Amino acid sequence: MEPMDFVEIKRDLREKYGSWISERDVMSYAMYPAVFEEFAAHKNEFGDVSKLSSDMVFQPLQVGKEYVYDLEKGKRFYITHVAIGQIDPTSGEQDVFFELNGEPKRITIVSKSSEASIITRVKADPALKNQVGAPMSANVLEVRVAVGAHVKAGDPLCLLSAMKMETVVSSPISGCVTSVEVASGESIAAQDLMFIVTPIRTSLSNAL
């Protein structure tokens, strides 16, 4: 097994996933990198679900049932699922109604039902510097990189057109393009994920 620079791994993981990365997370990544990256992406999208009961994670919430969620010592939430609204056929969204500690609440979600025909895109996470999101709603005129391309910070990734003006989207960091989520001719909304640029980590053995 090649030598590993744990300090550099921790720095790269924090740059990619956030400051919550610990030494334990570094060890997990070193042993099971693919499994850890899936876990980290899930945690960044949904938060720490380890505090939720199994029925809240693996089963749909039942209408009329009260669920108890202990955020931390002295902070308990009572959640009651009240109703689900109809799917908007133009946006694929629907409202979910619930009560939080007796107060009525409503959130809007994107339905995964087959009734929703609209194409939705994943949004870039602003906390992750390696994810490049659309700066505005626009049309993609030209994609200038492909998966596997090595780029430097400031290198152009694509060309957008909005309101009769052209905008160049540049790479925020140096690294390797590991995901291209757009193509020429497509329309995108603000903050839609367009590219993922992964920092290139030099192994300790190469540095010696």
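Two strands count as paired here if DSSP finds at least two bridges between them. Keep that criterion in mind for this tour of a predicted model.

**Stop 1: the open sheet.** Select β5, β12, β10 and β7. These 4 strands form an open sheet in the order β5-β12-β10-β7, with antiparallel pairing. β5 (131-133) and β7 (150-151) stand at the edges, and each has a single partner strand, so one side of each is left without a neighbour in the sheet. Now zoom in on the β5 edge. β5 is joined by 3 bridges to β12, residues 193-198, and the two run antiparallel. Pick V132 and look across to β12: its bridge partner there is F195.

**Stop 2: the largest nonpolar core.** Keep V132 and F195 selected and add L160, I188 and M194; these five have the most contacts inside the largest nonpolar core, which has 18 residues. β6 (138-143), β8 (156-162) and β12 each supply at least two residues of this core. The largest share, 4 residues, comes from β8. As general background, nonpolar side chains in soluble globular proteins tend to be buried together.

Next, show the surroundings of I188. Leaving aside residues up to four places away in sequence, I188 touches R121, A134, M136, S137, A138, V140, L160, V182 and M194. Apart from this core lies another, of 8 residues, with Y17, I21, V26 and Y29 among them.

**Stop 3: the β8-β9 hairpin.** Return to L160 and display β8 with β9, residues 165-170; the two strands pair in the antiparallel sense over 6 bridges. The bridge partner of L160 in β9 is T167. Follow the chain through the turn: the hairpin has 2 residues between its strands, and M163 in the turn has a positive phi of about 55 degrees.

**Stop 4: the β1-β2 hairpin.** Move to β1 (residues 66-72) and β2 (residues 75-84), which pair in the antiparallel sense over 6 bridges. E72 stands opposite K75 in β2. There are 2 residues between the strands of this hairpin, and G74 takes a positive phi near 90 degrees.

**Stop 5: the helices.** Select α1 (residues 6-17) and α2. Their axes are 10 Å apart and the packing angle is about 100 degrees; the pair is therefore roughly perpendicular. On the α1 side, F6, I9, K10 and L13 meet E23, D25, V26, M27, Y29 and A30 of α2.

Hide α1 and bring in α3. The axes of α2 (residues 23-31) and α3 (residues 33-46) come within 5 Å and cross at roughly 130 degrees. α2 and α3 are therefore oblique to each other. The contact is made by D25, S28, Y29, A30 and M31 from α2, with P33, F36 and E37 from α3.

**Stop 6: the cysteines.** How many disulfides does a search of the whole structure find? The search finds 0. Select C158, which is in no disulfide; the nearest cysteine sulfur, that of C176, is 17 Å away. Why is there no bond from C176 to C158? A disulfide requires the two sulfur atoms to lie within 2.5 Å, and at 17 Å the sulfur of C176 is too far from that of C158 for a bond. Colour by accessibility to finish: C158 is buried, with a relative accessible area of 0%, and C176, at 18% relative accessibility, also counts as buried.

How values were computed
Residues are numbered from 1 along each chain as its sequence is written. This is a predicted model: local features need pLDDT of at least 70, side-chain atom pairs count only at pLDDT 80 or more; totals for chains, interfaces and linings use all residues. Side-chain values use heavy atoms; hydrogens and water are left out. Buried means under 20% relative accessible area, exposed over 50%, partly exposed in between (1.4 Å probe, protein chains only). A nonpolar core is a set of buried Ala, Val, Leu, Ile, Met, Phe, Trp, Tyr and Cys residues joined through side-chain atoms within 4.5 Å. Contact means heavy atoms within 4.5 Å. Axes are lines fitted to C-alpha atoms, for helices over the stretch in contact, and angles run from 0 to 180 degrees between N-to-C directions. Angles under 35 degrees count as roughly parallel, over 145 as roughly antiparallel, 65 to 115 as roughly perpendicular and the rest as oblique.
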